[in-house]
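Here is a quick tour of the open and closed spaces in one protein model, plus two places where its helices pack. Have the sequence and the coordinates handy.

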Amino acid sequence: MKAIITGCSKGIGKEILRKLLNDGYEVMSISRSETNLDDLTNKDSTNWKEIIGNILDEDVHYKIINVLNEWKSLDILINNAGFLISKPFEELNYTEVKNSFDVNYYAPFKLSQICIPYLKNAEKASLINIGSIGGVQGSVKFPGLSAYSSSKGALAILTECLAEEYKDTSIHFNCLALGAVQTEMLEKAFPGYQAPFSPKQMAYYIINFIENSSEMMNGKIISVSASTP
Ligand SMILES: NC(=O)c1ccc[n+]([C@@H]2O[C@H](COP(=O)([O-])OP(=O)(O)OC[C@H]3O[C@@H](n4cnc5c(N)ncnc54)[C@H](OP(=O)(O)O)[C@@H]3O)[C@@H](O)[C@H]2O)c1
């Protein structure tokens, strides 16, 4: 099985990458910083293609396409990389809003465009967008997170649109709208708050969902949250 995941240098993405590699998947990871996985139990490093760079850069897209052309088909795409800015609404500037939508919305949009032809070649494929509970209609909202949460809301709706547009293919598109997980991003949004889940726990949930449930759902925005925030 072949998988692509973005944002693996730390946090939830790093734990997803570690588990996929240990479970024998072939994985392409994309992060701006190098990922340190010294303690892998499965040391078959030929299974891992690491691309270091910004997921928004065209040269990174070409590197991804080169690997995909070797692979011919792709089973799983996990759009996990995220950017959070926590700032009062009236103080947000254009660059901060643009960064939020570039990383949280446009990067998954572009990677989906790149990967869908290869996902179509798999017998069954799963495209997972990692959203946020704040990007779900009717959820509790928090001051300072307007750019972040609205960009995740756009990502959730994109998931629904793609499921409809590609309903005649073998690809299932779902958005997991996560609640609090103990990572650097959470600490930035809610300093001092203790989340109920570790990155490893959430990574295991996400992989279990892909392997056992994503086939049963398409175009769904699934809240994965047990706390407020
Ligand atoms: N933690 C939570 O409580 C929580 C709650 C809801 C949703 N989420 C979502 O879950 C996902 C993972 O979050 P996390 O908490 O694990 O965050 P994190 O610890 O801050 O990690 C984010 C990852 O994304 C990568 N990244 C960011 N911008 C990138 C870019 N332009 N190009 C390539 N890689 C990029 C970062 O790597 P580099 O810095 O090396 O680029 C890092 O590996 C995100 O989509 C986040 O919005 C998290």
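What follows covers the pockets, then the cavity, then the helix pairs.

This is a predicted model, so a little bookkeeping first: local features need pLDDT of at least 70, side-chain atom pairs count only at pLDDT 80 or more, and totals for chains, interfaces and linings use all residues. Residues are numbered from 1 along each chain as its sequence is written, and side-chain values use heavy atoms, with hydrogens and water left out.

**Spaces**

A pocket here is an open set of points on a 1 Å grid over the protein atoms alone, with protein on both sides within 12 Å along at least five of seven lines; a cavity is a set where a 1.4 Å probe fits but cannot get out, and lining residues have an atom within 4 Å of a point. Points are joined across faces, edges and corners, and a volume is the space filled by probe spheres set on them. For the classes, Ala, Val, Leu, Ile, Met, Phe, Trp, Tyr, Cys and Pro are nonpolar, Asp, Glu, Lys and Arg are charged, and the others, Gly among them, are polar.

| Space | Volume | Lining by class |
|---|---|---|
| Largest pocket | about 1,200 Å³ | 23 nonpolar, 21 polar, 6 charged |
| Second largest pocket | about 200 Å³ | 5 nonpolar, 5 polar, 5 charged |
| Largest cavity | about 30 Å³ | 3 nonpolar, 3 polar, 1 charged |

Start with the largest pocket, at about 1,200 Å³. Its lining has 50 residues, and Gly82, Phe83, Leu84, Tyr148 and Met185 are the closest to the centre. Helices H1, H3 (94–119), H4 (146–165) and H5 (184–189) each put in two or more residues, as do strands S2 (26–31) and S5 (125–132). H5 gives the most, with 5 residues. Those element names come from DSSP runs (H or I of at least four residues for helices, E of at least two for strands), numbered from the N terminus.

The second largest pocket has 15 lining residues, and Met1, Lys124, Ser126, Ile210 and Ser214 sit nearest its centre. S5 and H6 each chip in at least two, with H6 giving the most at 3 residues.

As for closed space, there is 1 cavity of 30 Å³ or more. Around the largest cavity you'll find Leu21, Leu40, Asn42, Asp44, Ser45, Asn47 and Trp48.

**Helix pairs**

Axes are lines fitted to C-alpha atoms, for helices over the stretch in contact, and angles run from 0 to 180 degrees between N-to-C directions. Contact means heavy atoms within 4.5 Å.

How do H1 (residues 11–22) and H6 (residues 199–212) meet? Their axes come within 8 Å and cross at roughly 55°. That makes the pair oblique (under 35 degrees is roughly parallel, over 145 roughly antiparallel, 65 to 115 roughly perpendicular, and the rest oblique). On the H1 side the contact uses Gly11, Ile12, Glu15, Ile16, Lys19 and Leu20, and on the H6 side Pro199, Lys200, Met202, Ala203, Tyr204, Ile206 and Ile207. By class that's 9 nonpolar, 1 polar and 3 charged.

H3 and H4 pack at about 20°, with axes 8 Å apart, which means H3 runs roughly parallel to H4. From H3 come Val97, Ser100, Phe101, Asn104, Tyr105, Pro108, Phe109 and Ser112; they meet residues of H4 including Ala147, Tyr148, Leu155 and Leu162. The contact of H3 with H4 has 11 nonpolar, 5 polar and 1 charged residues.
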